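Visitor: Hello! I am new to reading protein structures, and I would like a close look at one single part. Could you walk me through it?

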Amino acid sequence: MGLTRSEQMSRIRGKDTSPEQLLRSALWRAGHRYRLQSRTPHGRPDVVFAGAKVAIFVDGCFWHGCPEHYVRPRTRNEFWSSKLLENVERDRRQSLRLEAEGWRVCRFWEHQVFESLPQVLETVRSALQDDSWSPEGSWRVMRVDALPGEGDMEERWLEDLRGQGPRRSVVVRRSTKKWKRVHGQSGSGL
Ligand SMILES: [Zn+2]
């Protein structure tokens, strides 16, 4: 998909733009008219299409347990673990309650908004227009246990936000791949 000049510019500015802002302006350019500062019965999504009952959340990769970019902090493990659990449980509660009341809930990672905006827009478009739309699975890191021994290994526990599929546990070397918005400098990877 070709990019217009203003899209290119907004991506270059991306370094200073929040993913929520980036998504909002892309939706607006695509002709989708949403409400700002809109509440739902269960929380305040980043973008709300009240008429169509579509709620969109942009979840930060660290705070919401992105399987690609969550990094286990080396200090204050108890504190950060319970924070993570709290955030993911809130995401789950909001999504399930909204969906039980007939809302369509789209949840995107911040890295998706920056790296794959066209696909994100396409998902929103289908949520708004296609009768057969249903949400994709949304895996979250729920807990990470440091494993004893050499090599900085850890065990990660992942769950799907909507409880579909089994809880998975994987043993991996501790990730240091914190997600950074580097595209502003590199101008590539878009
Ligand atoms: Zn991520």
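Visitor: Which elements are included in what covers the buried residues of α3?

Guide: Happy to help! Please keep in mind that this is a predicted model. The cover over the buried residues of α3 includes the strands β2 (54–59), β3 (104–109) and β4 (139–146).

Let's look at the helix itself. Helix α3 takes in residues 77–100, which makes 24 residues. At 1.5 Å a residue it should span 34 Å, and because its end C-alpha atoms are 34 Å apart, the model agrees with that expectation. The residues of α3 that count as buried are Leu 84, Val 88, Asp 91, Gln 94, Ser 95 and Leu 98. Just after the helix comes Gly 102, whose phi is positive, at about 90 degrees.

Now for the setting. The protein has six helices and six strands, and along the sequence they follow the pattern α-α-β-β-α-β-α-α-β-β-β-α. Of its 190 residues, 27% count as buried. Among contacts between residues at least 6 apart in sequence, 56% join residues at least 24 apart.

Here is one pair from distant parts of the sequence to find on your screen. Pro 73 and Thr 176 are 103 residues apart along the chain, while their C-alpha atoms are separated by 9.7 Å. Thr 176 sits in the loop between β6 (168–173) and α6 (183–186). Thr 176 counts as exposed because it has 8 other C-beta atoms within 10 Å, and the cut-off for exposed is 12 or fewer.

Definitions and conventions: Residues numbered from 1 in each chain as written. Predicted model: local features only at pLDDT ≥ 70, side-chain atom pairs only at ≥ 80, totals over all residues. Helix = DSSP H or I, 4+ residues; strand = E, 2+ residues; numbered from the N terminus. Buried ≥ 20, exposed ≤ 12 C-beta atoms within 10 Å, placed from the backbone. Expected span 1.5 Å × (residues − 1). Contact = placed C-beta atoms within 7 Å.
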